[in-house]
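Please open the structure in a viewer and keep a selection tool at hand. The tour below proceeds selection by selection.

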Amino acid sequence: MTQFATSATREGVSLITLDNPPVNALSGGLRAGLQAELDRAFSDPAIGAVVVICAGRTFIAGADITEFGKPWQPPTLPELCRIIEQAPKPVVAATHGTALGGGFELALACHYRIATEAARVGLPEVHLGLLPGAGGTQRVPRIVGAEAALDIITSGRQVKAQEALSLGLVDAVVPEADLAEAALAFARQAVADGEKCARVRDREERIVADRQNPDLFAQFAAANARRFKGFAAPGAIVEAVKAAVELSFDEGLAREAALFEMLVESPQSHAQRHVFFAEREAGKVPDLPADPPLVDIGSVGVIGAGTMGGGITMNFLNAGISVTLVETTQEALDRGMGVIRRNYEATARKGRMTDAQVEQRMALIAPSLDLGALADVDLVIEAVYESMDVKVDIFGRLDGIVRQGAILASNTSFLNLDRIAQATRRPEWVVGLHFFSPANVMRLLEVVRGAATSKTVIATAMKLARRIGKVAVLSGVCDGFIANRLLAPRGAQAEAMMLEGTPIANIDRVLTDYGFAMGHFQMMDLVGLDVIGRDATERTVMGDLVAAGRLGQKRGAGYYEYDDKRRSSVSAITEGLIAEVAAARGVHAKPTTGDTALLARLLYPVVNEGAKILEEGIALRASDIDIAAILGYNWPVYRGGPLFWADQVGLPRIVAEMRALEAEHGEAFRPAPLLTRLADKGASFGQSA
Ligand code: 3HC
């Protein structure tokens with residue numbers, strides 16, 4: 001008996017209970033504890049079978065990710081799986097919660113699997129830049145066939161118990177309360193039947209069928225090329241599943257192990273593991289008490305039914321929270337309600353929601369033309385356009401309308417939250433909730449803490465973010481908060497290089513090669529140049545494009561030309577405008593540099609801005625800045641975010657190259673003090689927290 005594994009004998013069956021809170025990760029201690037209990041059960045003649053079950057909220061949720069990159073303590077997980085699969089007595093896995101990754105692989109090595117009705121199983125390793133390394137790529141195709149296995153493993157999706165049952169991934173589904181007894185009964189029956197232990201490794205039927213279709217793998221890779229672009233893990237998964245079909249079980253396992261080793265050492269997997277922990281760290285605010293008082297959010301008011309207000313509203317409807325949606329005119333209100341309805345109906349058409357669910361969600365909205373309708377809500381989110389005067393007016397009025405003890409939030413993306421808060425007599429109840437467009441899709445929520453915002457309000461906002469499926473990052477007050485401020489220098493450099501004569505297609509390609517889904521100018525065209533509409537003090541290419549009616553993709557022309565399938569091509573008109581604007585502003589052409597230098601010029605200023613945001617205390621930690629970039633601006637997850645990437649490039653190199661860029665292009669490249677200090681010390685952003 002160890003702290004991680006205990007056993008009790010129940011009528012000839014050993015019930016082994018694993019306990020490693022919070023998610024029963026398969027740490028070295030847990031593996032050793034389980035092995036000891038298995039040895040005991042296998043050598044005890046009075047024991048006929050074994051049930052493995054977990055304490056707490058879930059069955060094993062995977063290998064212990066914190067152990068990756070360190071030497072494995074025996075037994076390794078593949079060894080443990082082999083011991084179980086080859087056991088002389090039936091072993092039954094009794095799963096509840098989420099049996100994920102190595103946890104599900106361990107269950108697959110057992111001879112039988114019982115799951116509760118609410119249980120899920122899955123192999124999410126792909127999200128960590130990995131493949132299942134304990135037999136998952138070999139056993140799953142033996143049960144469900146290569147095609148379904150590829151879907152499950154490359155998506156990393158969680159398979160619900162009923163689907164798992166119909167696929168044969170589990171053998172029985174039982175009510176939560178009956179799990180242990182049902183698994184014990186199953187084990188006893190297996191002993192009574194006296195049949196050979198059912199080993200997944202011996203199942204050949206599916207594999208033999210898949211051998212008839214050798215093109216399956218190339219077809220799957222081609223069909224998913226867009227989704228997999230830039231990522232190493234999906235290709236390795238395809239290779240491992242192919243090995244399951246083409247090789248013997250043991251050879252396939254060896255292939256899987258080699259691919260796992262390759263991936264676990266790769267910069268991509270390091271980056272994705274960093275992101276996994278960074279996402280969870282972001283929710284933690286050090287100066288909040290352990291159990292802070294919270295405002296109970298049962299109803300929300302949203303002011304503004306435009307693109308942002310509508311998207312924000314949908315988040316709450318999806319979580320079952322009612323929303324009072326306020327607009328100034330009936331027309332704007334009807335338009336906003338119509339957009340929300342059409343969004344849901346489109347989801348229903350794709351089969352991801354029923355018609356009844358569409359109606360349930362719409363029924364949660366109370367549309368209104370009167371701010372007075374917000375008197376009793378628990379949280380108000382203002383999402384009108386970015387004008388300080390308008391926001392000050394609204395908050396002043398809200399102060400006289402909304403009940404005391406409710407939270408007043410602004411979705412402002414760059415205005416000074418403290419000035420907005422001062423428009424009320426309760427600035428401690430005012431907070432920024434900055435959503436990213438489209439607000440019902442993007443996972444980032446910047447929670448902006450004003451000078452007076454109370455701890456109760458911050459704690460409530462952080463918790464609420466989780467409830468509506470967002471990742472909250474806490475930001476201090478500054479122009480642009482974290483994500484917009486961080487990425488602004490990338491745009492400034494893209495535009496400067498454009499005027500110096502670098503083709504915009506080159507600039508965009510360097511960004512997409514790095515892993516962004518689209519380049520700077522492609523993104524501008526997608527959002528709409530009139531929407532971005534900055535009040536420029538000098539002549540800009542964007543201003544000229546807007547004046548020429550080239551508003552972006554929606555008009556078939558912006559920086560690029562678009563055909564009816566939205567495919568882009570270079571525009572001679574834009575090239576002409578760029579040359580004109582450069583001449584008018586006295587910008588001299590510079591020779592175009594290679595891709596590496598282009599990338600450095602675009603992204604080092606982002607790293608530098610991140611250093612300033614960190615040093616000013618606007619962000620709590622470097623990893624929060626990475627999360628803001630990834631979830632707010634689609635920074636490629638396999639780069640780990642700008643500051644993680646900078647650490648991988650090496651801070652001394654970045655500082656040296658920035659000094660050279662500063663000599664040529666000026667102040668925008670002056671290394672921030674924190675960046676220089678870390679580089680001088682040989683330290684990293686990762687160590688700066
Ligand atoms: N290893 C180490 N720590 C883990 C972990 C793991 N596999 N899974 C979760 N944790 C930690 C989290 O970091 C968090 O720590 P914190 O409280 O200090 O921040 C804590 O457990 C709770 O996690 P969540 O906040 O995510 O809890 P939720 O209830 O929201 O979600 C979960 C639970 C669905 C299990 C989610 O934690 C999850 O998806 N975990 C990762 C699952 C996974 O990726 N498994 C595969 C691992 S790789 C593997 O198995 C390789 C093998 O093939 C060889």
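## Cysteines without partners

Begin by selecting Cys110, which is buried, with a relative accessible area of 1%. Bear in mind throughout that this is a predicted model. Cys110 takes part in no disulfide; its nearest cysteine sulfur belongs to Cys81 and is 8.1 Å away. That pair does not qualify because a disulfide requires two cysteine sulfur atoms within 2.5 Å. Next, select Cys197, for which the nearest cysteine sulfur is that of Cys110, 11 Å away. Cys197 is likewise in no disulfide and counts as buried, at 12% relative accessibility. The structure as a whole holds zero disulfides.

## Strand β3 and its neighbours

Now select residues 49-54, which form strand β3. How many of the six residues of β3 are buried? The count is six of six. In a regular strand the side chains alternate between the two faces of the sheet. To view the two faces of β3, colour Ala49, Val51 and Ile53 as one group and Val50, Val52 and Cys54 as the other; each group lies on its own side, and all of these residues are buried.

Add strand β2, residues 13-18, to the selection: β2 and β3 run parallel and are joined by six bridges. Within this pair, Leu18 stands opposite Cys54 of β3. To follow the chain from β2 to β3, display helix α1 (residues 28-43), through which the chain passes in a right-handed β-α-β crossover.

Then add strand β4, residues 91-95, which runs parallel to β3 and is joined to it by four bridges. Here Val51 has Val92 of β4 as its bridge partner. Displaying helix α2 (residues 77-85) completes a second view, in which β3, α2 and β4 make a right-handed β-α-β unit.

## The ligand and its shell

Finally, centre the view on the ligand, which 25 residues surround. Which residues are closest to the ligand? They are Arg57, Glu105, Glu125, Arg280 and Lys284.

Three polar approaches merit a distance label:

- Ala61: a polar backbone atom is 2.9 Å from a nitrogen atom of the ligand.
- Glu105: a polar side-chain atom lies 2.7 Å from an oxygen atom of the ligand.
- Arg466: a polar side-chain atom lies 2.7 Å from an oxygen atom of the ligand.

Taken alone, the ligand exposes 990 Å², of which the protein buries 77%. To see which elements line it, select β5 (98-100), α3 (102-109) and α13 (267-282), each of which gives two or more residues to the shell. The largest share, three residues, comes from α13.

Key. Residues numbered from 1 in each chain as written. Predicted model: local features only at pLDDT ≥ 70, side-chain atom pairs only at ≥ 80, totals over all residues. Heavy atoms only, no water. Buried < 20%, exposed > 50% of the residue type's maximum accessible area, 1.4 Å probe, protein only. Pairing = 2+ DSSP bridges. Right-handed = clockwise from strand over helix to strand, strands pointing away. Near = heavy atom within 4 Å. Polar contact = N/O pair within 3.5 Å; in protein donor to acceptor, adjacent residues only side chain to side chain. Areas by Shrake-Rupley, 256 points an atom, 1.4 Å probe, with all protein chains shown as cover.
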